[in-house]
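The following note is offered to a colleague who is beginning to read protein structures. Please keep the sequence and the model in view while working through the numbered points.

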Amino acid sequence: MAFDVELATQAYMATLKGAARAKSDAYFEGGYWLILWNFLVTLIANLIVLRLGWAARLSRWARSKAGPLLAAFLFAVPYLLLITALTLPFSIYTDFVREHAYGLSNQSFAEYGGEQLIFIAVDTLLAALLWIGINATIRRFPRGWWLGGAGLTIGVLMVTITLAPVYLNPLFNDYAPLPDGPVKSEVLKMARANGVPADNVYLVDASRQSDRISANVTGLFGTIRIALNDNLMKQDIHEIRSVMAHELGHYVLNHMWKLIIAVALMIALSLALVAVGTPWLLARLGGRWGIEGMADPGALPALTIVISFVFLLGTPITNSLIRVQEQEADIFGLNAARAPDGFARIAMKLSQYRKIEPGAWEEYIFFDHPSGHTRVRTAMRWKAEHVAEADVR
Ligand SMILES: [Zn+2]
């Protein structure tokens, strides 16, 4: 009897049923609402800062202390910390309480808090530096600033991505070369067969944070590297091979560069909308808030409101950009690892916290990776068409 793709897919689907499936659906669907809540919480925090006159007072203080460049920085740092403080209960709920409620975190509150302090410090510094540049561009080019602002944003993003594997990620986890053993030889064999240098494969101790199985490609230029985490290391060899072949796909298909180009276009478009939306908002409410116009360093909260709204509307586009790359990496990975059942088993394990069988529109709007059903079906179709070949495992 011929191998039946649908029956094989359904056999996998049947292994996630009942309470376990309800839990993974609830966790993932809750995430849809968190996108909206995140926007509303950001909106309310910024409206508080504007409506109570804090932004105006902070801006007057910053401008009285320094010239325009430093004033932008002096405004941004306390403003960003204020927003962080106002949104803190929401962040703690989403990133800590909710993760623990679903049994998805291994961190104590102290460990989580320590990480957050580093995140906040790095984020605040980068954002404040970026605001110096964008505010200066607004003052110099009141109409066309969004193009320069997009260039600066991409610049900061690229520097961050380049430095992350070397200077940022090691602040949170230990990265080490793969230890000797069967996993290393299998992974490096696939890496060499696909033109990926062996010294670019690392092992990261992600079990400090959670039990989630994961691997990733990070960095740019000389810092680009593939890391698999210790949770993946505990899985069966064909499962590891299928995940690492997927990551090799990201590397070989130059996904990081393609994503940066796509993101650059999206940021330029977003800032063009912000360059229309923020003056519109300030013309209506800027007087009441005491904000003197786009060139005022205190325009940052209004700008944040508009860009948060643009990003909220852009959610399906961002998710789809990433999901299309993930589908490409899945196909690359099936061809490179030739282990469709290993890949299907991993897709089932990832479905413990990602809804396994969403509707077509739901997957388009909310999924930044293919759903478990899509992945298993892709693997089973590949298996059906290659099962007769000798090296399929
Ligand atoms: Zn991927």
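**Notes on the sheet, the helices and the zinc site**

1. Strand 1 and strand 2 (residues 201-204) are joined by three bridges and run in the antiparallel sense. Within this pair, Ala 176 of strand 1 is placed opposite Leu 203 in strand 2. Please note that the model discussed here is a predicted one.

2. The next matter is the sheet as a whole. Strands of a sheet pair through backbone hydrogen bonds, and the pairing may be parallel or antiparallel. Here, four strands make up an open sheet with mixed pairing, in the order 1-2-4-3. Strand 1 (175-177) and strand 3 are the edge strands; each has a single partner strand, so one side of each has no neighbour in the sheet. From one strand to the next, the twist averages 35°.

3. In which sense do strand 2 and strand 4 pair, parallel or antiparallel? The sense is parallel, and the pair is held over four bridges. Tyr 202 has Ala 227 in strand 4 opposite it.

4. Strand 3 (residues 215-218) pairs with strand 4 (residues 225-229) in the antiparallel sense, again over four bridges. Two facing positions may be located in the model: Val 217 is opposite Ile 226 in strand 4, and Ala 215 is opposite Leu 228 in strand 4. The two strands form a hairpin, with six residues between them. In the turn, Gly 219 has a positive phi of about 95°.

5. The faces of these two strands deserve separate attention. In a regular strand the side chains alternate between the two faces of the sheet. Strand 3 has a covered face, formed by Ala 215 and Val 217, and an uncovered face, formed by Asn 216 and Thr 218. In strand 4, by contrast, both faces are covered. Arg 225, Ala 227 and Asn 229 lie on one side and Ile 226 and Leu 228 on the other, and all are buried. Accordingly, five of the five residues of strand 4 are buried.

6. Which residues coordinate the zinc ion? The donors are His 246 and His 250, each through NE2, and Glu 326 through OE, at 2.0 Å. Along the sequence, these donor residues follow the spacing H-x3-H-x75-E. His 250 belongs to helix 10 (residues 237-252) and Glu 326 to helix 13 (residues 315-337); this pair is 76 residues apart and links distant parts of the chain. His 250 counts as buried because its relative accessibility is 10%, under the 20% limit. Glu 326 is buried for a like reason, its value being 8%.

7. Helix 10 also contains Ser 242. This serine counts as buried, because its relative accessibility is 3%. The C-alpha atoms of Ser 242 and Gly 333 are separated by 6.0 Å, although the two residues are 91 residues apart along the chain. When neighbours within four places in sequence are set aside, Ser 242 is in contact with Ala 337, Ala 339, Gly 342, Phe 343 and Ile 346.

8. A second serine, Ser 270, is found in helix 11 (residues 255-289). Is Ser 270 buried or exposed? Ser 270 is buried, because its relative accessible area is 4%. Not counting residues up to four places away in sequence, Ser 270 touches Val 310 and Phe 311.

9. Turning to helix packing, two packed helices are described by the angle between their axes and the distance between the axes. Helix 1 (residues 5-13) packs with helix 16 (residues 372-386) at an angle of about 140°, and their axes are 9 Å apart. The two helices are therefore oblique to each other. The crossing of helix 1 with helix 16 is right-handed. Among the residues making the contact are Val 5, Thr 9 and Tyr 12 of helix 1, and His 373, Val 376 and Arg 377 of helix 16.

10. Helix 16 has a further contact, with helix 14 (residues 340-350); their axes come within 9 Å and cross at roughly 175°. Helix 14 is therefore roughly antiparallel to helix 16. The residues that meet include Phe 343, Ala 347 and Leu 350 in helix 14, and Val 376, Ala 379 and Trp 382 in helix 16. Val 376 thus appears in the contact with helix 1 and in the contact with helix 14.

Definitions and conventions: Residues are numbered from 1 along each chain as its sequence is written. This is a predicted model: local features need pLDDT of at least 70, side-chain atom pairs count only at pLDDT 80 or more; totals for chains, interfaces and linings use all residues. Side-chain values use heavy atoms; hydrogens and water are left out. Donors are N, O and S atoms within 2.8 Å of the metal (3.2 Å for Na, K and Ca); water is not among the atoms, so sites may look incomplete. Buried means under 20% relative accessible area, exposed over 50%, partly exposed in between (1.4 Å probe, protein chains only). Two strands pair if DSSP finds at least two bridges between them. Axes are lines fitted to C-alpha atoms, for helices over the stretch in contact, and angles run from 0 to 180 degrees between N-to-C directions. Angles under 35 degrees count as roughly parallel, over 145 as roughly antiparallel, 65 to 115 as roughly perpendicular and the rest as oblique. A crossing is left-handed if the near helix is turned anticlockwise from the far one by less than a right angle, and right-handed if clockwise. Contact means heavy atoms within 4.5 Å.
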